[in-house]
Structure formats: structure tokens, C-alpha cells
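Biologist: I would like a close look at a single part of this model, with the atoms in front of us. Please pick one element and work outwards from there.

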Amino acid sequence: MRATLKAAEDLLKNIEQSYKIGKARRAGDTRDLILPSLVDDVPTMANILQSALEQLNGRRVRHLKGVWTDLLRTKDRLGNLAVLLALKDGLNPQECSYESPIIPDDEREFLRSLGVSTPEPQDFAEFQIPPFADEHLVDIYFMVGCNWTLVNNFLQRNWNAPELKQILLLHYGIIRRQQSLNSIRETHYALNAIQRALMNFKKLRTENWYSYIRENNHVPFPVSATEFPQTLPENLKNQAKTVYRWCFLPSYLKSKWQFQCLVDMSTFDHVTFNLQMLQSYYQATGFSQEYLADLEKLLEGRRIRRIKILGLGRMDTLNILKQLAFVLAIKDHFGVTEVSSQEPLASEFEKGYLNSIGVATPPHDNCDQPEEGLEEGEVTLFYWHMLNYKLRENVIRANQDRLRKVVIIQDVSVEKGSRWYPLLSEKGKKKMDERTVIMETVNAALQEMRRQKHEERFKNDPLPPIKEGAIERFIRLSESIPLRYDILETTPSWVSFPWCPFFGMEMQSFPKDRLRDE
């Protein structure tokens, strides 16, 4: 990738050189969300322009405004900038601008030569859409690589303003064409305007223009254009100012805010800042002191020699940072120097950060090797959350003759009969019961298939019982201490399951070396 872009054709080539990009399917097909984009499926700029013209339906563009805040995904920025310039050429807007904190001087001069202004980046907290003199004019806000908090600011400041009905918001994955995909998740925490837009999805118009796989990601998401043609419930401008403490804000705008918040992570210092904020909160609420004391009790005098984190996930969400801050506090408190994290989807940036703080990142494997090199009284602490069942089973089976050398912090069942079930909301209990019925039906069908297969081979022998899995036996017989979960309460009252990753998590130690007596 050239640092200096001297000609339009050089810039436009980045759409194919930077990432795989796939044409968004129409007619409500969700396959473009789960299937890898094909190299042969790369759409031309004409395809994207055609999608734009169809949605515009004869309307003219007053202002095409691009906003990019992601400091880490350079290839994505250049590729989408190429799309912005293609739309400028094809739609002929009266004005075109591009805001980003990382525009090199030569690129800025190049954009200005094309008639694209480059104003200073803003947080959109006080931005008002200018009035329109003509109802056939629209503004397009190309916010594909824009921080969601800034998008929320933009919507909240202009909520139900007449001008909002004459804009197209071009974004990546915020509002989907398929209604079933517009659920509110922790990534929307405190983003009140985006939440209300999702809750009123039927009053919006969203069309997919193209889709692509973001740098360091594996699944293509659609770039969609959303319109707000109808009046929406609740005037958010009359609400108290949103508190973004556990939201991510661009680091270069942080000084403009009068409260602490997390920052988008493009440097190791940003990650450290976020983790320290979480750890400070854990300490201030007594959570750290509580779970560290419980872990010491569970160890019964044993020492943690090593920590193995399995399947942590990508570090770009609050959910994962909560867990990493949790584990790193254990590392520091017990002075553990041998720590590793196996995550097949981790980016090079994430691996580099973990390495810089003393966490090794070996290639992921089947987790089927026993823990070796532990002296008397030493243990390996495993941490996982939502890990594949087979990998959990492998860990226990590999260590089934030395389980006193293993301590595990993991998520367990929260279905009826568990200690966690009464803590669910009524809606959560209902969904859990429905899920249990489905699983019982599936298991009954599998058992019947097993019975029929057995009778064909051994007509006169009784069907042998299904043996309890290693992980189920470990959980059932272990001494368990549940983690406190009522911290960082970011879950709305209407959500079925708490967003806190520690809900359903327990620290577990097996009472003897061998899993089974035989």
C-alpha cells in the first residue's frame, strides 16, 4: 500500500487491493452476512452507484459528507475513501467533504484538488443538519468507519428534526436490512438514539449498497444506507445528556469530554488505559478483592504456576475487555509469570499487545495435552467463557489423572435447577425453558437413533447407558464458587440475559486427582 496517493486511479484501486468486498444481496437474503465474499464477486463502482441511484430515486445530493475515525484499519479507510470518491463522481453532489484525523498532507492536497474539503474532525454533539431549500435534495453522511458514539451524537442532536427526513446515513452494521438482526446488544450501551432507531426499525428504510470483510475480520457485513422518513417516538433532545463512561470514544476527541470514558484502541497505550479503567472500577466496587479472596480459598494453599486463557475473543469489545481485566488482576495478584492466550481470531495488534504485557500467544490447538512441569502444590488456572464443548472436554480428559493440579474459571449451565436460573428475568427464564425443551427434543431424537442402530447390530443386548461426559462430571463434583455479576450494570431491563460476562461463571476445583475411581 503506497503512503502517497498521487492519482485517482491509485486511490480507486484500493477497493480491491485492501480487502475482499462482496455485492450486497437484495430481497432480504441474509447470506451476504455469513458467507465469505468471493474474489470474483467484487462489484464494480457501477454496482455500488446503481444501488445509490435506486435509493435516491431521482433526488439530488446536496452534501456528500465522509467521516472516518478508525485509526487502526488503514486499508479499510482507503478502500472506503475510494467508494466515497466514486459516489462523488457518479452522484455529482453540490458539496463533498471528508473528516478524518489521519489524512496525510499529500492526501489532503489530493482530495482538495478533486473538490473534497477536509474539515477538522468533530464529535457531532452539537452538529445540526442545515435546513434544506428543496425537498428533492438530500445529504449523504458516509459514516462507514465512524465511531458509533459519534453516530449516536449525530442522531440524538437531530432526532425528529425535519432535516433528518432528508438524509441518508451510510454505515457499517449499525442498522440491518433484516429486522431479526436489529437486536440491542452491549455494543449499543448508552447509545440511546441508536437503540431507539433499532426499536423503531419498521419506520426506517434501510438498503444494502455493498458488503465487505473488514481488516482482521472474517465475516462480511453490509454497508447500508438508512433513511428516517417518519416521525419517531420520544424526542431525545429533551433527555439528560448521555453518559458515555463505558462507551468507546475516539482518543483524539477525549479531551473535549468532561467525564471519563473508554477510548477506541489503535495503540497499546489505549488498550492499557481501558484495562486500567476497568480494574480501577473492580477495585472501587470491591469486586477484585472479593474474587481474589475466593480464589485463594479455592486454592487451599496451592500456588498458581501458569494461567491459560482459551478462546477469549477479539479485544475490541467491552465484553472481552472486562474478562481480560479480570484475568490480568489474577496474574498480578498471584505474581504469575507464565500466562498464555489461545485465540484463533486474534489480530496481530492484539497478539502484540498481549505479548507486550507478558502474555504468550501460541497457536490454538485441540487442548488435548496434559499439564506437565508442575511441582508439588502448583496448579494451572484455566479461564474460558463460551468455549467450544469439545475443547472443554479435551482439557478435562487430558488431565483426568491430575485434576488437583487444575483450577478452572468457566461458564456453567443457567437452566432450570441451576443456582443461576432464579436470577434471570421472567423473559430470560421463558427463553431458557424454550431452549431446554428444544435440546431435550433433539437429545431424545439422537437417543432413538442410537437405540435403532444398536438393535440392528446387537439384537439381544440391552442398550448401554450414555456415559457422563468428562466436563459434566468435573462440574458436578467440583467445589464451585460463583462470581459476582452485578457489576458494570449495562443491561437494560427488557433484555433476557445479563450482558455481564460473569453471569453464570464459577471458579471450580476438583476434590481429588482422578476424575473417575475406576
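Modeller: Let's take helix α10, residues 348-356, where F349, E350, Y353 and L354 are buried. Buried here means under 20% relative accessible area, with exposed over 50% and partly exposed in between, using a 1.4 Å probe and protein chains only. The helix name follows DSSP: helices are runs of H or I of at least four residues, strands are runs of E of at least two, and both are numbered from the N terminus.

Before going further, please keep in mind that this is a predicted model, in which local features need pLDDT of at least 70, side-chain atom pairs count only at pLDDT 80 or more, and totals for chains, interfaces and linings use all residues. Residues are numbered from 1 along each chain as its sequence is written, and side-chain values use heavy atoms, with hydrogens and water left out.

Back to the helix. Viewed down the axis of α10, the buried residues fall within an arc of 130°, so they line one face; the arc is that of the directions from the helix axis to the C-beta atoms. This fits the general geometry: an α-helix has 3.6 residues a turn, so residues three or four places apart point the same way. Among the elements covering the buried residues of α10 are α7 (268-284), α9 (318-334), β11 (338-342) and β12 (359-360). Following α10 comes G358, with a positive phi near 85°.

One of those buried residues leads us to a loop. Setting aside neighbours within four places in sequence, S266 is in contact with L71, L72 and F349, where contact means heavy atoms within 4.5 Å. S266 sits in the loop between β9 (262-263) and α7, and its relative accessible area of 17% makes it buried.

Which helix does α7 pack against at about 80°? The partner is α8 (residues 287-299), and the two axes are 4 Å apart. Axes are lines fitted to C-alpha atoms, for helices over the stretch in contact, and angles run from 0 to 180 degrees between N-to-C directions. The pair α7 and α8 is therefore roughly perpendicular; 65 to 115 degrees counts as that, under 35 as roughly parallel, over 145 as roughly antiparallel and the rest as oblique. From α7 the contact uses Q279, Y282 and Q283, and from α8 it uses F287, S288 and Q289. By class, the contact of α7 with α8 has two nonpolar, four polar and no charged residues. Ala, Val, Leu, Ile, Met, Phe, Trp, Tyr, Cys and Pro count as nonpolar, Asp, Glu, Lys and Arg as charged, and the others, Gly among them, as polar.

The strands that help cover α10, β11 and β12, take us into the sheet. Its order is β12-β11-β10-β13-β14-β16-β15, seven strands in an open sheet with mixed pairing; two strands pair if DSSP finds at least two bridges between them. At the edges stand β12 and β15 (479-482), each with a single partner strand, so one side of each has no neighbour in the sheet. Helix α13 packs on this sheet, touching β13, β14 (406-411), β15 and β16 (505-509), and its direction makes about 95° with that of β14.

Within the sheet, β10 (residues 303-310) and β13 (residues 378-384) run parallel over seven bridges. There, K308 stands opposite F382 and L310 stands opposite W384. Strand β10 is also joined to β11 by five bridges, again in the parallel sense, with R306 having E338 of β11 as bridge partner.

On α13 (residues 470-477) we meet one more helix pair: its axis and that of α11 (residues 389-398) come within 8 Å and cross at roughly 70°. Therefore α11 and α13 are also roughly perpendicular to each other. Y389, R392, E393, I396 and R397 of α11 meet A470, I471, E472 and F474 of α13. That contact divides into five nonpolar, no polar and four charged residues.

For the wider setting, the protein has 13 helices and 16 strands, and 52% of its 518 residues count as buried. Among contacts between residues at least 6 apart in sequence, 75% join residues at least 24 apart.
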